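Open the model in your viewer with the cartoon display switched on. The tour below goes from one selection to the next and says what is found at each stop.

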Amino acid sequence: VETALFRILQEAVNNIARHAGARNARLQLSFKDQTLLAEVEDDGQGFDLQQVQTSSLDGGLGIQGMRERAELIGATLDIISQPGSGTTVQVRLKG
């Protein structure tokens, strides 16, 4: 579980460095009501999630890998982004 969660967060941070053009990024872990919430947020250029997942360039393979890892550990993965509005990646894992 720890390794999968680490790899998800690592991919999110790598995506910020490679694609976001962000000036700021934030990683936050919290635990409440038997639920771990991990969030990675940036103030970068954002993106259209549907377009990235169907792109012929990388096909959203990083995002797909994050989703698969979350599923393997029973977590949920939410990616919130819009062009011009930054991105937030949230992973929720109930204990």
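Start by selecting residues 87-94, which form strand β4. This is a predicted model. Six of the eight residues of strand β4 are buried, so the strand is largely enclosed by the rest of the structure.

**The partners of β4**

Keep β4 selected and add residues 35-42, strand β2. The two strands pair in the antiparallel sense, over eight bridges. Two places are worth labelling. L36 stands opposite L93 of β4, and V40 stands opposite V89 of β4.

Now add residues 76-81, strand β3. Strand β3 also pairs with β4 in the antiparallel sense, here over six bridges. Which residue of β4 is the bridge partner of D78? The partner is Q90.

Follow the chain from β3 into β4. The two strands form a hairpin with five residues between them. Select G84 in this hairpin: its phi is positive, near 85°.

**Strand β2 and its other neighbour**

Return to β2. Is this strand largely enclosed or largely open? Six of the eight residues of β2 are buried, so the rest of the structure largely encloses the strand.

Add residues 25-32, strand β1. Strands β1 and β2 pair in the antiparallel sense over eight bridges. Label R26, which stands opposite E41 of β2. The hairpin of β1 and β2 has two residues between the strands. In that hairpin D33 takes a positive phi, near 50°.

**A stop at T35**

Select T35, which is found in strand β2. Is T35 buried or exposed? Its relative accessible area is 17%, and buried means under 20%, so T35 counts as buried. Show what surrounds T35. Leaving aside neighbours within four places in sequence, T35 is in contact with S30, R92, L93 and K94. Of these, L93 was met before, as the residue of β4 opposite L36.

**A stop at A4**

Move to residues 2-20, helix α1, and pick out A4. A4 has a relative accessible area of 15% and is buried. Which residues does A4 touch, apart from its neighbours within four places in sequence? A4 is in contact with R69 and I73.

Next, draw a distance from A4 to N24. The two are 20 residues apart in sequence, and their C-alpha atoms lie 25 Å apart in space.

**The whole chain**

Clear the selection and show everything. The secondary structure comes to three helices and four strands. Read along the sequence, these elements follow the pattern α-β-β-α-α-β-β.

The C-alpha atoms fill a box of roughly 35 × 25 × 20 Å along the principal axes. For 95 residues, a compact globule would have a radius of gyration near 12 Å, and the chain, with 13 Å, agrees with this. Buried residues make up 37% of the 95. Among contacts between residues at least 6 apart in sequence, 53% join residues at least 24 apart.

Switch to a surface display to finish. The chain exposes about 6,300 Å², and carbon and sulfur atoms supply 50% of that area. Colour the surface by charge as a last step. There are 9 positive and 12 negative charges, and the mean positions of the two sets are 3 Å apart.

Notes:
Residues numbered from 1 in each chain as written. Predicted model: local features only at pLDDT ≥ 70, side-chain atom pairs only at ≥ 80, totals over all residues. Heavy atoms only, no water. Buried < 20%, exposed > 50% of the residue type's maximum accessible area, 1.4 Å probe, protein only. Pairing = 2+ DSSP bridges. Contact = heavy atoms within 4.5 Å. Rg over C-alpha atoms; globule rule 2.2 N^0.38 Å. Areas by Shrake-Rupley, 256 points an atom, 1.4 Å probe, with all protein chains shown as cover. Lys, Arg positive; Asp, Glu negative; His and termini not counted. Charge placed at Lys NZ, Arg CZ, Asp CG, Glu CD.
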